[in-house]
Amino acid sequence: MLGVTLLELLVVITMIGILSAVAMSRLDWRRYQVDAGARGVMAELATAQRLALSLQSNMVITFPDTSRMKIVEDANNDGLASAGERVRYVVLDNHVAFGKATAPNVPSPDVPTTFTSLTFHRDGSADVSGTLYLHGPGSDPTCKHCRAVSVSRATGRVVWYSYGSGTWTRAN
């Protein structure tokens with residue numbers, strides 16, 4: 001029979017608490033937040049592209065402010081949100097915002113130009129190539145928590161980059 005005294009149990013729980021406190025202090029929560037934001041934007045753009053293909057109508061994405069995307073299922077392909085067309089707003093989580101901050105441009109072959117609107121056509125292509133820049137919450141003078149999501153015009157392919165180490169690194 002296994003016998004554990006209350007004192008032994010308290011010692012083990014205390015040791016687990018100390019180890020987890022040390023581990024928690026070493027985690028970079030802001031990095032996880034901005035990575036999740038970049039993945040979320042990439043997923044929303046990829047979903048919009050797939051919807052354009054499957055619904056055979058344009059998907060118009062605009063950025064009304066630094067924390068939201070507006071996605072319009074443009075059934076009549078007029079570029080506007082008409083009556084009866086579905087409009088969704090996607091809010092960035094964890095205080096992540098659109099904006100370049102102090103980061104340099106993404107590397108070639110992606111286009112560093114920041115776009116303000118994007119349309120995925122019925123064939124899956126985009127109307128422009130460009131990059132969306134994101135930054136994490138709080139002050140970040142070295143842009144350690146900067147991310148970029150690039151869209152290719154011809155294919156509509158969406159990729160994202162991380163600037164955590166001082167150079168842009170493709171993250172997906």
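These legends go with a set of views of one predicted model.

**View 1. The whole chain, from two helices into nine strands.** The chain holds two helices and nine strands. Starting at the N terminus, both helices come before the strands, in the order α-α-β-β-β-β-β-β-β-β-β. With a radius of gyration of 22 Å, against the 16 Å that the globule rule gives for 172 residues, the chain is more spread out than a compact globule. Along the principal axes, the C-alpha atoms take up a box of roughly 75 × 40 × 25 Å.

**View 2. Surface, burial and charge across the chain.** Of the 172 residues, 37% are buried. The accessible surface adds up to about 9,800 Å², and carbon and sulfur atoms own 60% of that. As for contacts, take the ones between residues at least 6 apart in sequence: 52% of them link residues at least 24 apart. There are 16 positive and 14 negative charges, and the mean positions of the two sets sit 5 Å from each other.

**View 3. Where the predictor is surer and where it is less so.** Mean pLDDT over the chain is 89, and 99% of the residues reach at least 70. Helix α1, covering residues 6-26, has the lowest confidence, with a mean of 88. At the other end of the scale is strand β3, residues 87-91, which gets the highest value, 95.

**View 4. Close-up on G79, in the loop between β2 and β3.** This glycine follows strand β2 (68-74) and comes before β3. Is G79 buried or exposed? Neither, quite: its relative accessible area is 40%, so G79 counts as partly exposed, given that buried means under 20% and exposed means over 50%. Setting aside residues up to four places away in sequence, G79 touches V60 and D74. For a distance to check on screen, try G79 to I61: the two are 18 residues apart along the chain, and their C-alpha atoms are 9.9 Å apart.

**View 5. Close-up on G136, in the loop between β6 and β7.** The loop here links β6 (130-135) to β7 (146-151). G136 has a relative accessibility of 7%, so it is classed as buried, the cut-off being under 20%. Which residues does G136 contact, beyond its neighbours within four places in sequence? They are V34, H95 and H145. Another glycine makes a handy reference point: G99 is 37 residues from G136 in sequence, with a C-alpha to C-alpha distance of 9.6 Å.

Technical notes
Residues are numbered from 1 along each chain as its sequence is written. This is a predicted model: local features need pLDDT of at least 70, side-chain atom pairs count only at pLDDT 80 or more; totals for chains, interfaces and linings use all residues. Side-chain values use heavy atoms; hydrogens and water are left out. Helices (H or I, at least four residues) and strands (E, at least two) are DSSP runs, numbered from the N terminus. The radius of gyration is taken over C-alpha atoms; the globule rule is 2.2 Å times the number of residues to the power 0.38. Buried means under 20% relative accessible area, exposed over 50%, partly exposed in between (1.4 Å probe, protein chains only). Contact means heavy atoms within 4.5 Å. Accessible areas come from the Shrake-Rupley method with a 1.4 Å probe; for residues, only the protein chains shown count as cover. Lys and Arg count as positive and Asp and Glu as negative; His and the chain ends are not counted. The place of a charge is taken as NZ of Lys, CZ of Arg, CG of Asp or CD of Glu. pLDDT is the predictor's confidence in each residue, from 0 to 100.
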